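Good morning, and thank you for joining this meeting. I would like to take you through one structure, beginning with its pocket and ending with its nonpolar cores.

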Amino acid sequence: QLQLVESGGGSVQPGGSLRLSCAASGFTLDYYAIGWFRQSPGKEREGVACFNTNDGSTYYADAVKGRFTISRDNAKTAVYLQMNSPKPEDTEVYYCAVEEGSHFVVEETCAMWAEYTGSWGQGTQGAVAT
């Protein structure tokens with residue numbers, strides 16, 4: 001069974017750091033586009049960071065650029081979102097998504113996925129203490 005499970009959310013003081021994880025089971029992330037998204041009740045889902053493993057290209061939302069980093073582990077079974085210096089406005093539920101393939105324009109892929117109206121996982125709550 002192919003599955004993605006988000007974890008690592010929690011509370012952190014402003015200026016601290018938090019690392020979110022997305023574990024892939026049943027497959028490895030060899031040639032994929034991967035992404036992190038976030039959403040709060042009443043708000044539209046936003047593409048936070050996306051990564052094309054085929055060419056290493058990345059996209060970051062302006063709100064997180066320079067503070068967040070998306071990466072994949074060497075075993076190609078997990079995706080991470082390193083959140084440095086989080087701000088109170090980063091307090092949202094975070095979701096990961098992946099798609100196998102090689103022809104991705106990472107910013108376009110991120111925008112398209114953010115509008116996906118199908119099922120998403122449970123996500124993980126990234127919270128910043130005020």
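Strand 1 (3–7) and strand 9 each contribute at least two residues to the lining of the largest pocket. Please bear in mind that this is a predicted model. Of these lining residues, four come from strand 9, which is the largest share.

The full lining consists of Leu4, Glu6, Cys96, Ala97, Val98, Glu99, Trp113, Tyr116, Ser119, Trp120 and Gly121. Sorted by class, seven of the lining residues are nonpolar, two are polar and two are charged. As for its volume, the largest pocket comes to about 220 Å³.

Let me now turn to the cores. Which residues of the largest nonpolar core touch the most other members? They are Trp36, Ile70, Leu81 and Tyr94, in a core of 24 residues. Two or more residues of this core come from each of strand 3 (17–25), strand 4 (32–39), strand 5 (46–52), strand 7 (68–72), strand 8 (78–84) and strand 9 (92–100). Strand 3 is the leading contributor, with four residues.

Leu81 deserves a separate word. Leaving aside residues up to four places away in sequence, Leu81 is in contact with Leu18, Arg19, Leu20, Trp36, Val48, Ala49, Phe68, Thr69, Ile70 and Tyr94. Trp36, Ile70 and Tyr94 thus appear among the contacts of Leu81.

Apart from the largest core lies another one, made of nine residues, including Ala33, Ala97, Val106 and Ala114. Ala97 also belongs to the lining of the largest pocket.

Note on methods. Residues are numbered from 1 along each chain as its sequence is written. This is a predicted model: local features need pLDDT of at least 70, side-chain atom pairs count only at pLDDT 80 or more; totals for chains, interfaces and linings use all residues. Side-chain values use heavy atoms; hydrogens and water are left out. A nonpolar core is a set of buried Ala, Val, Leu, Ile, Met, Phe, Trp, Tyr and Cys residues joined through side-chain atoms within 4.5 Å. Buried means under 20% relative accessible area, exposed over 50%, partly exposed in between (1.4 Å probe, protein chains only). Contact means heavy atoms within 4.5 Å. On a 1 Å grid over the protein atoms alone, a cavity is a set of points where a 1.4 Å probe fits but cannot get out, and a pocket is an open set with protein on both sides within 12 Å along at least five of seven lines; lining residues have an atom within 4 Å of a point. Grid points are joined across faces, edges and corners, and a volume is the space filled by probe spheres set on the points. Ala, Val, Leu, Ile, Met, Phe, Trp, Tyr, Cys and Pro count as nonpolar, Asp, Glu, Lys and Arg as charged, and the others, Gly among them, as polar.
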